[in-house]
Amino acid sequence: MNRIKFIAVFAFTILVVSINFYCTQNQNNISSISNENKYLNHDDSVKYVGINTCKQCHGNIYETFIKTGMGKSFDLATHQKSSAIFGKNAVVYDKFRNFYYKSFWKNDSMFIYEYRLNGKDTTYKRIEKVNYIVGSGQHTNSHLCIRNGYVTQMPMTFYTQSKQWDLPPGFENGANTRFGRNIGLECMSCHNSYPEFEIGSENKYNSLPNGIGCERCHGPGEAHVAQKKSGNIVDTSKYIDYSIVNPAKLSIDLQFDVCQRCHLQGNAVLKNNHSFYDFKPGLKLSDYISVFLPRYKNADDEFIMASHADRLKQSKCFIKTFDAAKVSKELRPYKNGLTCISCHNPHVSVKETNKNVFNDACKKCHGNNNDCSLEISKRKMSNNNCVSCHMPKSGSIDIPHVTIHDHWIRKPISKIEKKAVKEFIGLQSVNETNPSKETKATAYLNYYEKFSKNELYLDSAFKFLNLNDIKSLIENIENITKYYFFRKDSKALISKCEKIGISKLLSSVLNTKSFENKHAWSAYRIGEAYLQNNEYNNAILFFKKSIQLAPYYSEFKNKLGAIYQLQNRNIEAEQIFQEIINEQPTFVPALSNLGYMYMLKADYKFANYYLQEALKLDPDFELALLNLANLNLQLGEKDRAKELLKRIIQINSKNVSAINALRQLNFK
């Protein structure tokens, strides 16, 4: 055995011995509050073991859990996984982009077919294989493809409640990104168990699990498995097993954090350089993530799909019992306070839960029928169903074609109240009472970037930014670069950066690789500022830094290649574009740019090949069409060039390059 193997074996032996000693010395009586800091699986060295390992001892729970929404959240695209209806109705038309979509099976593989029609003639087509289906099928099935590890969402979703196909949420009203919506770690980490992510990318994965497993709510299981294999069994009816987290034995606030890690969708701000991997059950969520939502006056009836935690927190039932349970010494807080598991058994599907379970939860506090002011005759008509009245079904504002129960438990809203004018109040952190100024600034900048391009959010962010001295500039570098980049104030951004010092920024400030690529994006935005001011050399320095920190961002490399081309460094530019295509063959801008490079070399065959490849993927990519028009002019195909220029203007009537080129051709 070599030295490295000996150290690994020795370390594992110490771990097992430590686990045995630790748990025999720390078995607290179940009547007392648990000490959450003692959980062994909070240690970063403890690994995830996967649901199939848990299944070996917890088979009965496994069999019911895999039928839940969590258990069915994510899997390979198979006939068994799909809830969709196929055939002639499996067609969607995007009137804004003029694309048709059709889903179909070929043997055991699912495909999405994108096409355009001119009358009955097909003028364009693209077929992509579906690799994964995300969604339990209780509300939706959305579809993902993976190419060389890069995961993107596809432009068709099946809405199971209405039994219809349509564009996915966020693809509507001209926002269709087709096969190009990148599925980053934030999305993946809530819809699935933790994947093996390629750091330095946005959406590249080395491996993907197939669905949410036990460890998302209980934490990594390696220490727990080691204990049980060594024969250390804890009587959990009397003691707490600190080798793994049982959420039912957490204090009420930490128990609630387990659920709201994913059932609190919104504007998530990571804290203290943490990533979406770092929070574990039993820890305080606000130490890792602060989730912001916009608050409006007179919009109480509006909510997003995954807002269960936020809506429940606004209920008087929750507020009164939560506050009381926090000061209670009772270990099982769900007996005294209203939490998610007061109504939901996370191991059992909602579809297989008796309806009386939900009403019975209400009756624990409202056992007397006199609590209800509704006439007895009307109550009987709904079988005394509390939920139907106080948690009515409604559509969400972010997901079409679905209805869900509003988890804000309250008396029905009158129609008069609903007519009031909606008024924006501000962003509020739902899981943190008093977030820092830096966190608030990040929240407003994120909201502007991801949700609404309203300068009101930039103004609000600026109020929380600290720009007083160099130390503050360094500490707030990500927010400062975002703010001035979004303001399109490149000179101000350059001024702030040069106050810190270019060499200092490159050598020490912007020097950390991270899952969210914060420093890489800051370097990229600074590079853009220099590029806009025609300071190519400084732009190159910062683009190179962004690539060093995030080598799998094709956008960063493409921009560097474009600058090389502007400087007539064509060999270097061509090399970069080729690198991009080797890594990500469907990255259209690089295909178009490489076609242009071959055109400069008068290699018209390869120029045409790469430009046509770009247009096969995106028939509306204006730069590729413009380059192809230029190529046709060089080949003497004037009429064909005119057709392409007219097509560009039809796509974008404000494309100045196409307008001027067509004017010159018509004049000649």
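Student: What makes Glu128 and Arg147 a salt bridge?

Tutor: In this predicted model, their side chains meet at 2.9 Å, N to O. The rule asks for a side-chain nitrogen of Lys or Arg within 4 Å of a carboxyl oxygen of Asp or Glu, so the pair counts as a salt bridge.

Student: Which parts of the chain does that pair tie together?

Tutor: Glu128 lies in strand β5 (residues 121-130) and Arg147 in strand β7 (residues 140-147), so the bridge ties together parts that are 19 residues apart in sequence.

Student: Why is Glu128 called buried?

Tutor: Its relative accessible area is 12%. Buried means under 20%, so Glu128 earns the word.

Student: And why is Arg147 called partly exposed?

Tutor: Arg147 has 26% relative accessibility. Partly exposed is the range between under 20% and over 50%, so Arg147 belongs there.

Student: How do you know that Arg116 and Asp620 form a salt bridge?

Tutor: Try the cut-off again: their side chains meet at 2.5 Å, N to O, and the limit is within 4 Å, so they pass. Arg116 lies in strand β4 (residues 109-118) and Asp620 in the loop between α25 (604-617) and α26 (622-634), so this pair ties together parts that are 504 residues apart in sequence. Arg116 and Asp620 are both buried.

Student: How many salt bridges does the rule give?

Tutor: The count comes to 23. Glu114, Arg178 and Asp618 are linked in a network of them.

Student: What makes Glu572 and Arg569 a salt bridge, and are they buried or partly exposed?

Tutor: Their closest N and O atoms are 2.8 Å apart, and that is within 4 Å, so the rule is met. Glu572, at 33% relative accessibility, counts as partly exposed, and so does Arg569 at 26%.

Student: Is Asn517 buried or exposed, and how do you know?

Tutor: Asn517 has 2% relative accessibility, and buried means under 20%, so Asn517 is buried. This residue is found in the loop between α19 (502-509) and α20 (518-532).

Student: What is notable about the phi of Asn517?

Tutor: Phi of Asn517 is near 60°, a positive value in a residue other than glycine. Most residues other than glycine have a negative phi.

Student: Where is Asn273, and why is it called exposed?

Tutor: Asn273 is found in the loop between β13 (267-270) and β14 (289-297). Its relative accessible area is 64%, and exposed means over 50%, so the word fits. Phi of Asn273 is also positive, near 65°.

Notes:
Residues are numbered from 1 along each chain as its sequence is written. This is a predicted model: local features need pLDDT of at least 70, side-chain atom pairs count only at pLDDT 80 or more; totals for chains, interfaces and linings use all residues. Side-chain values use heavy atoms; hydrogens and water are left out. Helices (H or I, at least four residues) and strands (E, at least two) are DSSP runs, numbered from the N terminus. Buried means under 20% relative accessible area, exposed over 50%, partly exposed in between (1.4 Å probe, protein chains only).
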